[in-house]
Amino acid sequence: MTIAQGFSEIPPTAEDRPRRRSPWRKRKRNFLLSVQSKKGIIKVVFEKRKGCVKVETALRKEDRKSMFEGFEVIQNAPMRDYTTLRLGGPADWLAFPANREEILALYREAERNGLPVTVIGRGSNLLVLDGGIRGLVIRVEKNMKDIRTEGNRITAQAGALLSAVANAAARAGLTGLEFASGIPGTVGGGTVMNAGAYGGELGNVIVRVDGVTPDGKALSLSREDMKFGYRSSAAGELGLIVTDVTFELEPGEEEAIRARMAELNARRAEKQPLDQPSAGSAFKRPEGYYASALIDQCGLKGYSVGSTRVSEKHAGFLINTGESSADFLALMRHVQKVVEERAGVRLEPEIRVLGEETL
Ligand SMILES: Cc1cc2nc3c(=O)[nH]c(=O)nc-3n(C[C@H](O)[C@H](O)[C@H](O)COP(=O)(O)OP(=O)(O)OC[C@H]3O[C@@H](n4cnc5c(N)ncnc54)[C@H](O)[C@@H]3O)c2cc1C
């Protein structure tokens, strides 16, 4: 079993899809037969790409109710309530585990019922599509927030907010995480993304990442094992669910640390549209350029598709004021296309895209 962490690729439009090789193509299936049996619904599936036939079973409604009993879960959870973009259809199941044992137990239950699993943090780097997410979504942000300080090391659970860890570091007189105090995500999501700002990156101050794989293996990884790159890490290829992260910092003066945090956060508030729903910078910084400058130079500031638009304050931020992920995708595609045509630079999404386009 694998975990879904979304795609750093804009799904192609319906017209483009048959000609392009992308992870989205794998999802194209034809259901040939659907039969109601005593045990539930049996679907015979023909997978176009592989040309093979397989059988899937779906539980009956009454059996589905007892699934995930004893866990904190919500059924048909609207993902717009769990993402900073405030977009996305329902997750079939959304679970809030309290520790690694619960994560593994949730996996086993999902596997037993043939459900795919997706892990999310605070949802501040996500576009969830209008059809929502099938199967189980595990959100670590709610119940896994412990932060412990020991000497110049801080170990935080994956669901702790980066702002909380940066504050704990300031309280302990430790410098090195000031850059992260305004990044509105969790330690887990930030580690997977190697989040960074103002010249700092989490990968530079992380010394250990603990987690589990879906088959129950506990992993303790060094900075080198994590292969941190620009907004990337090895978490996806390792199938890692991050549970705890240890940061190593330098001794400093609390007052100076807090002053630096305040200065960076003031710069952020001045430049970024923090009062409007977004997922931060929509595109990665292309080598030798700034995505926001390219978007601005192409005259796209304020350009809108339906209820989404390019921020007038910071062209790298795409803003949502409505309820349509399809509009947001169309805006991302448009920006990517225009910048490629006019500036000759291909913008790669920084936002991770999750879920189905239709229910
Ligand atoms: C206003 C605003 C400003 C921002 N500024 C910055 C910035 O300055 N720098 C920057 O880098 N980013 C920035 N971001 C983007 C975002 O906050 C970061 O990428 C953040 O680290 C994502 O954390 P998250 O908990 O929200 O992760 P999510 O968005 O929930 O998930 C991100 C990815 O990590 C995976 N994931 C999450 N938790 C786990 C886990 N425990 N185990 C395994 N996989 C996991 C998810 O599957 C997904 O692929 C900004 C966003 C906003 C809205």
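# Working through a predicted fold

In E7, threonine 118 is the bridge partner of alanine 4. Keep in mind that this is a predicted model. The exercises below start from that strand and move outwards.

**Exercise 1. Work out which strands pair with E7, and in which sense.**

Step one: take the strand E1 side. E1 covers residues 3–4 and pairs with E7 in the parallel sense over two bridges. The alanine 4 to threonine 118 pair belongs here.

Step two: go to strand E9, residues 133–139. Four bridges join E9 to E7, and these strands run parallel. Here valine 119 stands opposite isoleucine 138 in E9.

Step three: check the faces of E7. Val117 and Val119 sit on one side, Thr118 and Ile120 on the other, and all of them are buried, so both faces are covered.

**Exercise 2. Find which residues are closest to the ligand, and which element gives the most to the shell around it.**

Step one: list the closest residues. Of the 34 residues that surround the ligand, the closest are Gly121, Gly185, Gly188, Gly189 and Gly280.

Step two: map the shell onto elements. Two or more residues come from each of strand E7 (117–120), helix H4 (187–193), strand E13 (196–197) and strand E17 (241–248).

Step three: pick the top contributor. That's H4, with five residues.

Step four: sort by class. The shell has 16 nonpolar, 16 polar and two charged residues.

**Exercise 3. Decide whether threonine 191 is buried or exposed, and say what it touches.**

Step one: place the residue. Threonine 191 is found in helix H4.

Step two: count neighbours. The cut-off for buried is 20 or more other C-beta atoms within 10 Å. Threonine 191 has 29 C-beta neighbours inside 10 Å, so it counts as buried.

Step three: list the contacts. Leaving out residues up to four places away in sequence, threonine 191 touches Leu202, Ile206, Val209, Ser233, Val242 and Val245.

Step four: look further along the chain. Phenylalanine 228 is 37 residues away from threonine 191, yet their C-alpha atoms are separated by 8.7 Å.

**Exercise 4. Lay out the five-stranded sheet that holds E17, and say which strands stand at its edges.**

Step one: write down the order. This open sheet runs E10-E11-E17-E15-E16, with antiparallel pairing.

Step two: find the edges. Strand E10 (147–150) and strand E16 (218–222) each have a single partner strand, so one side of each lacks a neighbour in the sheet.

Step three: note the twist, which averages 15° from one strand to the next.

Step four: zoom in on one pair. Strand E15 (residues 206–212) and E17 run antiparallel and are joined by six bridges. Isoleucine 206 stands opposite phenylalanine 247 in E17. Ile206 also turned up among the contacts of threonine 191.

**Exercise 5. Do the same for the three-stranded sheet: give its order and edge strands.**

Step one: the order is E19-E20-E21, again an open sheet with antiparallel pairing.

Step two: strand E19 (304–305) and strand E21 (318–320) are the edge strands, each pairing on one side only.

Step three: E19 pairs with strand E20 (residues 308–310) in the antiparallel sense over two bridges. Valine 305 stands opposite threonine 308 in E20.

**Exercise 6. Describe how helices H3 and H8 pack.**

Step one: get the geometry. The axes of H3 (residues 162–171) and H8 (residues 254–271) come within 8 Å and cross at roughly 150°.

Step two: name the arrangement. Angles over 145 degrees count as roughly antiparallel, and that makes H3 roughly antiparallel to H8.

Step three: list who makes the contact. H3 supplies Ala166, Ala170 and Arg171, while H8 supplies Glu254, Ile257, Arg258 and Met261.

Step four: classify them. There are four nonpolar, no polar and three charged residues.

**Exercise 7. Compare the surroundings of two residues with positive phi, arginine 86 and asparagine 194.**

Step one: take arginine 86. Its phi is about 60°, although it is not a glycine. Arginine 86 is in the loop between strand E5 (73–78) and strand E6 (90–95). With 19 C-beta neighbours inside 10 Å, it counts as partly exposed.

Step two: take asparagine 194. Its phi is near 45°, and its place is in the loop between H4 and E13. Asparagine 194 is buried, with 20 other C-beta atoms within 10 Å.

Definitions and conventions: Residues are numbered from 1 along each chain as its sequence is written. This is a predicted model: local features need pLDDT of at least 70, side-chain atom pairs count only at pLDDT 80 or more; totals for chains, interfaces and linings use all residues. Axes are lines fitted to C-alpha atoms, for helices over the stretch in contact, and angles run from 0 to 180 degrees between N-to-C directions. Angles under 35 degrees count as roughly parallel, over 145 as roughly antiparallel, 65 to 115 as roughly perpendicular and the rest as oblique. Two residues are in contact if their C-beta atoms, placed from the backbone, lie within 7 Å. Ala, Val, Leu, Ile, Met, Phe, Trp, Tyr, Cys and Pro count as nonpolar, Asp, Glu, Lys and Arg as charged, and the others, Gly among them, as polar. A residue is near a molecule or strand if its C-beta atom, placed from the backbone, lies within 6 Å of it. Two strands pair if DSSP finds at least two bridges between them. A residue is buried if 20 or more other C-beta atoms lie within 10 Å of its own, exposed if 12 or fewer, and partly exposed in between; C-beta atoms are placed from the backbone.
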